[in-house]
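I opened the notebook with the model on screen. My plan was to look up the core, then the sheet, then the ring pairs.

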Amino acid sequence: MKLGALFDAGVGDDARDVEITGLTADSRAVKPGYLFAALAGVAAHGREYVAQAKANGAAAVLSAGDLNGEPGVAHVVAENPRRAFAIAASRFFPRRPGVIAAVTGTNGKSSTVDFLRQIWAHAGKRAASLGTLGAIGPNGVVDLGHTTPDPAAIHATLQTLADEGVTHAAMEASSHGLEQHRVDGVSFDAGAFTNLTQDHLDYHADMGAYRAAKLKLWALVKAGGTAVINADAAECGAFEQAARVRGLEIVLCGWRAPRDGALKIVEMRPRPASQAMVLRWAGREVEVDLPLIGEFQALNATCAAALALSLGEAPEEVWSALAALQPVKGRMEHVGESRSGGHVFVDYAHTPDGLDVLLRAARPHAPGRIIAVFGCGGDRDKDKRPKMGAIAARQADVVIVTDDNPRSEEPAAIRAQILAAAPGALEVGDRARAIREAVAMLKPGDALMIAGKGHETGQIIKGVTHPFSDQDVARAALEQT
């Protein structure tokens with residue numbers, strides 16, 4: 001494609017006909033004929049790598065201005081090079097599924113987009129989801145590297161999916177991705193907001209800046225499109241008002257949603273490995289047996305259902321899809337039931353808030369005991385270790401403290417910091433042994449919550465990643481009970 005066709009401005013007349021064969025913001029990935037986007041990063045500026053990009057065959061460079069005198073390459077100047085790069089990527093990879101929805105929020109993005117993909121697939125659509133877990137479509141999984149990858153990867157993936165016949169796609173939209181214009185150039189048919197709690201304040205200046213980044217999603221939804229908003233979120237009002245200013249159709253969902261013009265949760269009854277929900281939509285109530293545990297998972301499923309309904313899926317198809325949902329790998333994932341009648345779950349919770357939400361969500365489903373197995377990662381926030389120990393001691397009946405990616409730190413020292421705030425907790429350093437011992441403890445009505453690693457398949461010890469899966473270890477232990 002000609003360089004001049006990728007940008008509305010900033011290209012000199014002598015460079016408009018330069019042929020571009022690809023585009024990237026990673027100088028190491030540049031190939032002959034590529035456009036290299038020299039963007040400002042957290043640790044370094046892309047202009048420092050222009051020479052490397054040229055050596056790799058770059059035909060053009062995009063930047064905000066001066067390139068430290070680097071000659072011999074077409075130069076595109078943009079006031080906002082991140083946005084310009086995203087728009088260029090959308091033009092270079094113009095094909096995409098016909099219906100695209102995006103989900104933002106601190107928690108619940110991965111589950112919500114995956115549930116929406118499952119609902120669409122259940123209704124007979126060729127559907128895909130993009131986010132933390134990669135791009136999941138009819139032909140399998142593609143690792144994208146980030147919750148919201150760079151614009152070239154996003155648009156290339158959307159084009160690949162479209163070429164594979166995918167007609168419906170659900171995407172995660174992180175605050176980083178929105179702030180850095182990674183999803184600019186995608187016109188969403190609907191967007192959804194799940195919740196906003198403290199997170200990523202190492203990147204955003206404060207909660208106000210974090211909220212503002214999330215609110216950028218509404219600007220990317222088509223005129224007349226839909227904004228699905230969790231009515232139970234503390235920030236519901238701010239997101240509803242911003243969507244109204246944009247002229248979007250607002251669909252609230254959750255417990256506090258109104259009875260009309262919304263998807264309202266009327267009732268919820270927990271069971272050991274599922275929950276019965278009564279939902280109200282378009283003046284009618286329906287009972288759905290949701291094969292997931294935890295109120296927050298019910299909220300995620302409700303948000304996905306609201307997106308599907310607002311984008312035209314028949315209610316009967318949506319209700320039957322909810323009853324057939326599979327948990328997202330490592331997100332409150334039901335691994336199995338012991339012969340004694342206890343249930344085992346694996347979850348990615350690795351922060352104080354995440355562990356607290358996980359264990360509180362499990363309580364209504366466990367008439368017996370809650371057994372918690374968890375640890376804390378090395379070379380990471382040490383302040384959270386005693387906090388997580390205290391939460392586990394308060395919320396669980398049996399606590400087993402084990403290792404979780406100790407990295408370069410001494411594992412026993414990490415465990416000691418957790419145990420200091422968890423009196424009565426058991427210490428089993430070997431994670432596989434800890435899981436086996438927890439499974440052996442199960443009695444009727446117990447719930448074992450294995451937290452921290454979720455979908456991960458490795459354990460990092462002294463710089464070496466050892467193959468490890470909580471799910472595989474737990475299933476093997478269940479088979480032996």
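Entry one, the core. Which residues of the largest nonpolar core touch the most other members? I noted first that this is a predicted model. The core has 40 residues, and I found Ile119, Leu263, Trp319 and Leu322 to touch the most other members. I then looked up which element gives the most to this core: helix 9, residues 295-310, with 10 residues.

I took Leu263 as a case. Leaving aside residues up to four places away in sequence, I listed its contacts, among them Leu252, Ala257, Leu279, Thr302, Ala305, Leu309 and Trp319. Arg280 and Trp281 are also touched by Leu263. I logged a second, separate core too; it has 34 residues, including Ala128, Phe188, Trp218 and Ile229.

Entry two, the sheet. I counted 11 strands in an open sheet with mixed pairing. I wrote the order down as 8-7-6-9-5-10-11-12-13-14-15. Strand 8 (140-142) and strand 15 (284-290) are the edges, each pairing on one side only. From one strand to the next, the twist averages 20 degrees.

I checked one pairing inside the sheet. Strand 11 (residues 221-230) and strand 12 (residues 249-254) run parallel, joined by five bridges. Ile229 has Leu252 of strand 12 as its bridge partner.

Next I looked up what packs on the sheet. Helix 5 (residues 151-163) touches strands 5, 6, 7 and 9. Its direction makes about 165 degrees with that of strand 6 (127-131). Helix 9 packs on the sheet as well, touching strands 5, 10, 11, 12, 13, 14 and 15. For helix 9 and strand 13 (262-271) I noted about 145 degrees between directions.

Entry three, the rings. I got three aromatic pairs. Phe193 and Phe239 have ring centres 3.7 Å apart and planes at 5 degrees, so I logged the pair as stacked. Phe193 lies in strand 10 and Phe239 in helix 8 (residues 236-245), so the pair ties together parts 46 residues apart in sequence. Phe193 is buried at 0% relative accessibility. Phe239 is buried, also with 0%.

How are the rings of Trp218 and Phe239 arranged? Their centres are 6.4 Å apart and their planes at 80 degrees, so this pair is edge-to-face. Trp218 sits in the loop between helix 7 (207-215) and strand 11, 21 residues from Phe239. Both Trp218 and Phe239 are buried. I closed the entry with the cluster: ring pairs link Phe193, Trp218 and Phe239.

Conventions. Residues are numbered from 1 along each chain as its sequence is written. This is a predicted model: local features need pLDDT of at least 70, side-chain atom pairs count only at pLDDT 80 or more; totals for chains, interfaces and linings use all residues. Side-chain values use heavy atoms; hydrogens and water are left out. A nonpolar core is a set of buried Ala, Val, Leu, Ile, Met, Phe, Trp, Tyr and Cys residues joined through side-chain atoms within 4.5 Å. Buried means under 20% relative accessible area, exposed over 50%, partly exposed in between (1.4 Å probe, protein chains only). Helices (H or I, at least four residues) and strands (E, at least two) are DSSP runs, numbered from the N terminus. Contact means heavy atoms within 4.5 Å. Two strands pair if DSSP finds at least two bridges between them. Axes are lines fitted to C-alpha atoms, for helices over the stretch in contact, and angles run from 0 to 180 degrees between N-to-C directions. Rings of Phe, Tyr and Trp (its six-membered ring) pair if their centres lie within 6.5 Å; planes under 30 degrees apart count as stacked, over 60 as edge-to-face and the rest as tilted.
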